[in-house]
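Let's walk through this model together, one question at a time. Keep the sequence and the 3D view open as we go.

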Amino acid sequence: MCGIVGFTGNRPAAQILIDGLKRLEYRGYDSAGITLAGKELITVKAVGKVRNLEAAVNEHGTLPNTTGIAHTRWATHGAPSVKNAHPHMDSSGRFAVVHNGIIENYAELKQKLEQQGHKFVSDTDSEVIPNLIAEFYQGDFVQAVASALRRISGTYGIAVLCSDYPDTIIAARHGSPIVVGLGDDCNIVASDVTPLAAYTRKVIYLDDGDLAILSPKNVELRTIENLPVEREVSSIDWDVSASGKGSYEHFMLKEIFEQPDSIANTIRGRLDHHLKSAILSGLGLSPHELAKISRIVIAGCGTSLHAGMVGEYFFEDIASIPTEVEQAAEFRYRNPIIDPDTLVLPISQSGETADTLAAVREAMNKGAIVAALCNVVGSTIAREAGRGIYLHAGPEISVASTKAFTCQVTVLLMLALMLGRNRRLNRDDGERLMLEIEKLPELIRETLKQAPVIEKIAEKYAYAEDFFYIGRGCLYPTALEGALKLKEISYIHAEGYHAAELKHGPIALLDEKVPVLALANAIPGQEKMIGNIQECLARKSSVIAVVTGDDTAADQFTGDIIRVPPSSRFIAPLTTVVALQLFAYYFARARGCEIDHPRNLAKSVTVE
Ligand code: M6R
């Protein structure tokens, strides 16, 4: 949520910062701004996309400044506007700050600072930071930033400029990620690695309470107590081109089509043909420790929550382990029952979602075994959990999550196989499941061939303002995920329901204007689903059916049929969701919606 980038080197910084913001735009796009360092700080801001900021910066002609900071915003305090866009300055104009996170004691700090003569111009909480730094400043930049941060409660990832130090950036972190990239003759800082990869592979992830002081040739780390500290240098392992759009019109479409490869990467090296099981070494649990797990609790939000709900079916069905799925925001407030044999699985693509992070901390504090399923390497959740399974989906830029979901479900299926084999699942059944998992990339490739059919159906239904998705078994959470995709990017009302639940209320909403997308795959429960489809037709709803292969079960009801390749019930959520992702994509495109940057959303939600 919100993106930060800062650059200090020996070449003009403005375009480097703009390019960095474009790579971070998926984190927020309400407004953007840039400050270039020098004896006088130069600040330019614009509402809307980074391209608006770029145009405003270009109006200034060539700007030679070689140090600067920039920000793309997802509004929390104050509407999207130029005055609320970052960077924020102190009232003397000496300091500029970009900030991610929320300052919880900002009202109290602001009141004090106003009494001390500081003037505020924005509605944001962030503006207290430069003014607080100015209040503590007596010529020592580091000292002033450290003193100010010690007064702040809440969360922050910041980068700060001071006009007295024209080639220095100070960055700091508490609860909102900051990564420092170590370049040749330049150093760069950002809220995630995406803008760094073009300049360096060597990065340092700051820990909470760290300060980094960057100049073109040097990076020094200190704590906010202003004591020296050392952190490990890690290396970025993905290709810069992976975070570009390639020849695709949108990141979302690119990421949907990447799924055969991303799933292949998730599986690679993790299936054991000898044991007919999976090897997930990041868990760091011996067979004996695995056998002691008596319960699983999964926590996540949005798409990751839906992946967890699919996983619940896997763990109970394949491994016979009682499993619960918890909306991560509820986890710590419900005071969950956790014992040392409970395995808690937080699921998060970004590894930064505030609610999921809070669940991780609560579970660890209660002594659970916590293993995180994250995509972003080095993310806060992955690091705090200490053990887990990386998805290896590659960078997911589209705000609407697609490939992360299928990789999450694939990991959950491998984990269920491993836990099942560790218990009652025999070698033959283990082998059958293992071979199905191995075939997944091929099955997803087959499903993607349906894109032209799905495109036509989506265009036909693009008039609809309401949609129902219905499913049963592990296609129930798949229906929830399909509906979430549609509402996120097409802004229409779409609801996922268990097919049996429809008649307990929501059926009242059905009529000829409300189509139903029914997941009628040939898996257990299909006959009941056919009955549910009849109920919808009787209320005059049009029905789109997802069916298995050349199954004719839905032919009598509808001509709008999406065919996914035959598979067991465990694989069906994966093939089916790919069809639903394509449907949402083409539907939104037909309505002319902004697909990669849907209104009001941000890629990683770092506020509770
Ligand atoms: O990064 P996370 O997986 O923790 O994110 C959780 C949700 O914010 C996320 O899945 C959101 O629902 C997506 N926009 C869905 O497409």
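Q: How many bridges join strand S17 to strand S19?
A: This is a predicted model, and in it strand S17 covers residues 295–300 while strand S19 covers residues 342–348. The two strands run parallel. One of the pairs along them is Ile 298 with its bridge partner Leu 345 in S19. The number of bridges joining S17 to S19 is five.

Q: Which strands stand at the edges of the open sheet that holds S17 and S19?
A: The sheet has five strands with parallel pairing, in the order S18-S17-S19-S20-S21. A strand at the edge has a single partner strand, so one side of it is left without a neighbour in the sheet. Neighbouring strands here are turned by 20° against each other on average, direction ignored. The edge strands are S18 (323–327) and S21 (387–390).

Q: What angle does the direction of helix H11 make with that of S19?
A: Helix H11, residues 354–365, packs on the sheet and touches S17, S19 and strand S20 (369–374). Its direction and that of S19 make an angle of about 165°.

Q: Which helix lies across S17, S19, S20 and S21?
A: Look for a helix running at about 165° to S19. It spans residues 403–421, and its name is H13.

Q: Which residue has a polar side-chain atom 2.6 Å from a nitrogen atom of the ligand?
A: Two other contacts use the backbone: an N or O atom of Gln 349 lies 2.7 Å from an oxygen atom of the ligand, and an N or O atom of Ser 401 lies 2.8 Å from an oxygen atom of the ligand. For the side-chain contact, look among the residues that come nearest to the ligand, which are Ser 304, Ser 348, Ser 350, Thr 353 and Glu 488. The residue with the 2.6 Å contact is Glu 488.

Q: How much of the ligand's accessible area does the protein cover?
A: On its own, the ligand has 410 Å² of accessible area. The share of this that the protein covers is 91%.

Q: Which element gives the largest share of the shell around the ligand?
A: The elements that give two or more residues to the shell are helix H9 (302–318) and helix H16 (475–490). The shell's residues divide into four nonpolar, eight polar and two charged. The largest share, three residues, comes from H9.

Q: Which peptide bond is cis, with omega near -5°?
A: Start in the loop between strand S4 (67–73) and strand S5 (88–89), where Pro 87 is found. The cis bond leads into this proline. It is the peptide bond from His 86 to Pro 87.

Q: Which residue other than glycine has a positive phi near 65°?
A: Turn to the loop between strand S13 (218–223) and strand S14 (234–235). The residue in question is found in that loop, and it is Asn 226.

Q: Which strands stand at the edges of the sheet with the order S23-S22-S24-S25-S26?
A: This open sheet of five strands has parallel pairing, and its neighbouring strands are turned by 15° against each other on average, direction ignored. Each edge strand has a single partner strand, so one side of each is left without a neighbour in the sheet. These are S23 (493–498) and S26 (561–564).

Q: Which residue in S26 stands opposite Val 546?
A: Strand S25, residues 543–548, pairs with S26 in the parallel sense over four bridges. Opposite Val 546, in S26, stands Ile 562.

Key:
Residues are numbered from 1 along each chain as its sequence is written. This is a predicted model: local features need pLDDT of at least 70, side-chain atom pairs count only at pLDDT 80 or more; totals for chains, interfaces and linings use all residues. Side-chain values use heavy atoms; hydrogens and water are left out. Two strands pair if DSSP finds at least two bridges between them. Axes are lines fitted to C-alpha atoms, for helices over the stretch in contact, and angles run from 0 to 180 degrees between N-to-C directions. Contact means heavy atoms within 4.5 Å. A residue is near a molecule or strand if one of its heavy atoms lies within 4 Å of it. A polar contact is a pair of N or O atoms within 3.5 Å; within protein, one must be able to donate a hydrogen and the other to accept it, and residues adjacent in sequence count only if both atoms are side-chain atoms. Accessible areas come from the Shrake-Rupley method with a 1.4 Å probe; for residues, only the protein chains shown count as cover. Ala, Val, Leu, Ile, Met, Phe, Trp, Tyr, Cys and Pro count as nonpolar, Asp, Glu, Lys and Arg as charged, and the others, Gly among them, as polar.
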